[in-house]
Structure formats: C-alpha cells, structure tokens
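Work through the exercises below with the model open beside you. Try each task before reading its solution.

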Amino acid sequence: MKLLENLNWRYATKKFDPSKKIEQEDLGRLMEAVRLSVSSYGLQFYNVLVIENQELREKLREASWNQAQITDASHLFVFCNYTSRDGRHIDEYIQNISLTQGVPLSDISGYGDFIKKSLSAKSDAQWHAWSERQTYLALSNLLLACADLRIDACPMEGFEPEKYNAILGLDKQELNAVVIAPVGYRSEEDETQFRKKVRKSRESLFQLLT
Ligand SMILES: Cc1cc2nc3c(=O)[nH]c(=O)nc-3n(C[C@H](O)[C@H](O)[C@H](O)COP(=O)(O)O)c2cc1C
C-alpha cells in the first residue's frame, strides 16, 4: 500500500534546505488536497494562508520559538479557524451546495437552519474547540499529500497564536491561527531523518472488540 510507504517516508522535518523551492504545480496539488478535506457538516470553517514572503516569515519565526523551519522551508501553511459564529458562513455554505449540486435553495434551507441551531447550542469554549479541530483534518490532508509528492513538512503548534494573529492581521478578518506547517525539502544535514520512527505498538494502541 503506497499510503503506508508514504507514512513511513515522512517525518517532522527539523532542518529544511532553504535553496529548494516547491514548484507551482505541486503547490497547487497541495492546496487541492487541503481543499478536499473533510469537515463537520462540510462547513470548512477556516482559511489557510500559504506564505512565501521571506520578510513576513522572519517576523513569524520570532513568534515561533525561533524555529528555523519557518524561514528555511519553501512555504508556510497557516491554518486559521473562524472566530465568529456569524450565520452568514452557513448561508454561504448552503448557497454553495445549491449552486454546485443544482438543488433549489428552498429544498435545503432547512438543513442550514438545523446547522445554525446545533452550532448555537455550543458554549463559547465548545465552539472554539470544535472549530479548531476542523483545521487539524485539513493539516492531515496536507501532510499526506506532501508525503505522496515527496515534499517534506513539519506540523507545528510551537508558536504564539496571538502574535501570528497580529502580524498577519487575522483578528480583523475574524480568524485565529491554530496550527501551522512549513513545507519544502529536507536538508541532507537533518539528523532527524535517520531516526527510527517511534510509535505505540498495535497492542497498546488498539482495543479489538470481537
Ligand atoms: C499538532 C502538532 C504540533 C507539533 N508541533 C511541533 C513543533 O512546534 N515543532 C516541531 O519541531 N515539531 C512539532 N511537531 C512534530 C511532532 O513532534 C512529530 O510529528 C512527532 O514527534 C512524530 O514524529 P514524526 O512526525 O517525525 O513521525 C508537532 C506535531 C503535531 C501533530
């Protein structure tokens, strides 16, 4: 199975080769894999910034515990959840279904009302946890697509979201940085690539209820 081979190939890259850039065509493939991510109700309540600008990445590195991957990788993906529960996002989604699938709006407006009702039942804390979780599914698609294209990546939570929000002007857009992933090509000097993968054994991970 190619997927398992890919999962064994990939690793959280610590040192990227700054001289290697991802081709536009491959970047498009990565973005398409993220676009096709699953999400609760299909809402995709997030935006993803794809940052190449070096000056911006220098600033972000300072807000990322000075981790070198931020500036040395080819591009930086920043996954941002929506901070507003505004019903207009749900209306836009319902309109998208209607246009994409050729269904009259009146046939599916009840579905929109159902989503609004179930989301408004969440507390603020539940809403934030829920909307942040969605971004991890998109991150996972990115990591899988990267491995398939033999592009290296490092999923990262080691950054200060408030500083990212300020540097990138996310607050004004009612967005919040949740998780990031520099992507590019590993440096030959990255020792991490030679380490054996550490994972739980199947016995300790799974409970088989037959
Ligand atoms: C949500 C998340 C956050 C992470 N944050 C960082 C980080 O800030 N810096 C880093 O170097 N690695 C980070 N990692 C990488 C993990 O340490 C790594 O994926 C894990 O040890 C498994 O190793 P592997 O990915 O090389 O197989 C993060 C991984 C995940 C999934």
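**Exercise 1. The largest pocket**

How many residues line the largest pocket, and which of them lie nearest its centre?

*Solution.* Keep in mind that this is a predicted model.
- Step 1: count the lining. The largest pocket has 14 lining residues.
- Step 2: find its centre. Gly-42, Leu-43, Gln-44, Tyr-93 and Asn-96 lie nearest to that point.
- Step 3: find the main contributor. Helix α5, residues 87-101, supplies 7 residues, the largest share of the lining.
- Step 4: sort the lining by class. There are 6 nonpolar, 6 polar and 2 charged residues.
- Step 5: add the volume. The space in the largest pocket is about 350 Å³.

**Exercise 2. The chain in outline**

State how many helices and strands the chain has, and give their pattern along the sequence.

*Solution.*
- Step 1: count the elements. The chain contains 9 helices and 4 strands.
- Step 2: read them along the sequence. The pattern is α-α-β-α-α-β-α-α-α-β-α-β-α.
- Step 3: take the dimensions. The C-alpha trace spans about 60 × 55 × 35 Å along its principal axes.

**Exercise 3. Two helices that cross**

Work out how helices α1 and α7 are oriented to each other, and name the residues in their contact.

*Solution.*
- Step 1: locate the helices. Helix α1 covers residues 2-9, and helix α7 covers residues 124-148.
- Step 2: take the geometry. Their axes come within 9 Å and cross at roughly 95°.
- Step 3: classify the angle. Angles of 65 to 115 degrees count as roughly perpendicular. Therefore α1 and α7 are roughly perpendicular to each other.
- Step 4: list the contact. On the α1 side are Lys-2, Leu-3, Asn-6, Leu-7 and Trp-9. On the α7 side are Leu-144, Ala-147 and Asp-148.
- Step 5: sort by class. The contact of α1 with α7 holds 5 nonpolar, 1 polar and 2 charged residues.

**Exercise 4. The sheet**

Give the strand order of the open sheet and identify its edge strands.

*Solution.*
- Step 1: set the order. The 4 strands run β1-β2-β4-β3 across an open sheet, with antiparallel pairing.
- Step 2: find the edges. They are β1 (46-51) and β3 (152-153), each pairing on one side only.
- Step 3: look at one pair. Strand β3 is joined by 2 bridges to strand β4, residues 175-184, and the two run antiparallel.
- Step 4: pick a bridge. Ala-153 has Val-183 of β4 as its bridge partner.

Notes. Residues are numbered from 1 along each chain as its sequence is written. This is a predicted model: local features need pLDDT of at least 70, side-chain atom pairs count only at pLDDT 80 or more; totals for chains, interfaces and linings use all residues. Side-chain values use heavy atoms; hydrogens and water are left out. On a 1 Å grid over the protein atoms alone, a cavity is a set of points where a 1.4 Å probe fits but cannot get out, and a pocket is an open set with protein on both sides within 12 Å along at least five of seven lines; lining residues have an atom within 4 Å of a point. Grid points are joined across faces, edges and corners, and a volume is the space filled by probe spheres set on the points. Ala, Val, Leu, Ile, Met, Phe, Trp, Tyr, Cys and Pro count as nonpolar, Asp, Glu, Lys and Arg as charged, and the others, Gly among them, as polar. Axes are lines fitted to C-alpha atoms, for helices over the stretch in contact, and angles run from 0 to 180 degrees between N-to-C directions. Angles under 35 degrees count as roughly parallel, over 145 as roughly antiparallel, 65 to 115 as roughly perpendicular and the rest as oblique. Contact means heavy atoms within 4.5 Å. Two strands pair if DSSP finds at least two bridges between them.
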